[in-house]
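Reader: I should like a close look at a single part of this structure, set within the whole. Please state the criteria behind each term as it arises.

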Amino acid sequence: MASGFHVPDGNDVLRGDIPAIVELIERSARWVHPDTFKALPVWAPETARGQPLYDAGWTRRHTNTRRSTGVTAEKFEGNVAALKSLVAALGVASPKPKNWTVCHIWGYDDPSFAKQSSVVQDPRYFSCVANMVWLPTPLKGFTDTVPEIKDILRVCSFYLYGWACEHDSVLDQAEKVRSGWVPTHYPLSWPSPDRPSALPAGTAPFTAEIESEIEKRKSKFRAALANNDFVHYPRTNVESVLKFWNVDLD
C-alpha cells in the first residue's frame with residue numbers, strides 16, 4: 001500500500017461544488033445576442049488557432065525576436081482574433097474591461113491539455129460567436145477541464161443560437177446536446193427545451209452599432225477577397241468558411 005499524503009483528482013474535489021460554480025457562471029457570463037449570430041456567425045474567417053500571422057498587407061510573416069537569445073521565430077495565432085471578434089460582437093465599450101477571458105464552448109476536451117483542440121484550429125469555429133462566451137478570468141479553467149461545466153455551456157449555446165458544433169471530433173457530444181438532454185445543475189434561467197426563447201442575464205443587446213460593425217466586417221471580407229496584392233490571404237479557405245455559414249457578402 002502506497003504511503004504519503006493522498007491528494008485526489010482535482011475535479012473530484014470540486015465536483016460537490018458544481019452548483020456554486022454554475023451559479024457564478026450563470027450570473028457573470030456575457031453572451032452575444034442571437035440576432036448578432038444570425039447576422040454574422042463568424043467574424044474572422046481568415047484565421048484560427050495556430051495559423052501563421054501576417055502583416056496588414058498579407059505579404060510578410062510576423063516574427064518575434066527574443067531579447068535573451070536573439071533567436072527570431074515566426075508568430076502564430078493564439079486567441080487574439082477570437083477575443084477581438086467576441087468583444088466586437090458583444091459591443092463592449094472602450095477601454096476593454098480587465099480580467100475577462102474569451103472561452104471557447106466547443107474547444108478543449110482533454111483536461112491534461114496533452115492534445116491540441118482541432119475545433120479551434122478550424123476557421124469555421126474559431127471566431128464563431130456562438131462558440132464563445134466571455135467569463136471573468138478566474139472562471140476560465142472550469143470551461144476547459146470540468147466536463148459538467150462544458151456540458152451546460154454547450155446546451156445553453158444550442159438553445160440560444162440553435163447551433164451545436166459539426167466538427168467530426170465532437171459529433172457524439174453534439175448529437176447528445178441536440179437530443180433535448182439537459183445536464184444536472186443546468187441554470188433554470190437559461191434557455192432550454194421548456195424555455196427556448198429565454199436569454200441569459202448577461203446577453204448583450206443587438207444594437208445599431210453592432211449592425212454597423214457587421215457591415216464593416218463584410219466590406220473588409222469583400223475587399224480582401226478581391227485584392228490580388230494580398231498574396232498570402234487564404235481566399236479559398238475564407239470563401240469556404242463563409243459558404244459554410246451562408247454569409248452573404250452582396
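**Helix H4 and its setting**

Author: Along the sequence, the protein follows the pattern α-α-α-β-β-α-β-β-α-α-α-α-α. This comes to 9 helices and 4 strands, where helices (H or I, at least four residues) and strands (E, at least two) are DSSP runs, numbered from the N terminus. The model is a predicted one, in which local features need pLDDT of at least 70 and side-chain atom pairs count only at pLDDT 80 or more, while totals for chains, interfaces and linings use all residues. Residues are numbered from 1 along each chain as its sequence is written, and side-chain values use heavy atoms, with hydrogens and water left out.

The overall frame comes before the part itself. The C-alpha atoms fill a box of roughly 65 × 50 × 35 Å, taken along the principal axes. The radius of gyration of the protein is 20 Å, which agrees with the value near 18 Å for a compact globule of 250 residues; the radius is taken over C-alpha atoms, and the globule rule is 2.2 Å times the number of residues to the power 0.38. Of the 250 residues, 44% are buried. Buried means under 20% relative accessible area, exposed means over 50%, and partly exposed lies in between (1.4 Å probe, protein chains only). Among contacts between residues at least 6 apart in sequence, 75% join residues at least 24 apart, a contact being heavy atoms within 4.5 Å.

The part chosen is helix H4, residues 80-90. Because 8 of its 11 residues are buried, H4 is largely enclosed by the rest of the structure. The buried residues of H4 are Ala 81, Ala 82, Ser 85, Leu 86, Val 87, Ala 88, Ala 89 and Leu 90. What covers them includes two helices, H3 (34-39) and H8, and two strands, E3 (100-104) and E4 (132-136).

One of the buried residues of H4, Ala 89, is touched by Val 129, a residue of the loop between E3 and E4. Val 129 has 0% relative accessibility and so counts as buried. Leaving aside residues up to four places away in sequence, Val 129 also touches Val 32, Phe 37, Leu 40, Pro 41, Trp 43 and Tyr 161. Of these partners, Trp 43 stands 86 residues from Val 129 in sequence, yet their C-alpha atoms are 7.4 Å apart.

Beyond its end, H4 is followed by Gly 91, whose phi is positive, near 75°. The loop between H4 and E3 also holds Pro 95, and Pro 95 is joined to Ser 94 by a cis peptide bond with omega of about -5°.

Helix H8, part of the cover of H4, spans residues 208-226 and contains both Arg 217 and Glu 213, 4 residues apart, about one turn of the helix. These two form a salt bridge, with the closest N and O atoms 3.1 Å apart; the term denotes a side-chain nitrogen of Lys or Arg within 4 Å of a carboxyl oxygen of Asp or Glu. Arg 217 is buried, at a relative accessible area of 17%, whereas Glu 213 is partly exposed at 24%. Ahead of H8, in the loop that follows helix H7 (171-178), lies His 185. His 185 has a positive phi of about 75° although it is not a glycine, and its relative accessible area of 40% makes it partly exposed.

Helix H3, which also belongs to the cover of H4, is linked to strand E1 (63-65) by a loop that holds Trp 58. Trp 58 likewise has a positive phi, of about 55°, without being a glycine, and at 15% relative accessibility it counts as buried.

The whole structure contains 5 salt bridges. Among them is the pair Asp 122 and Arg 124, whose closest N and O atoms are 2.7 Å apart. Asp 122 is buried at 13% relative accessibility, and Arg 124 is partly exposed at 25%. Another joins Lys 140 and Asp 144 at 3.5 Å, N to O; both residues lie in helix H5 (residues 140-145), 4 residues apart. Here Lys 140 is partly exposed at 22%, while Asp 144 is buried at 8%.
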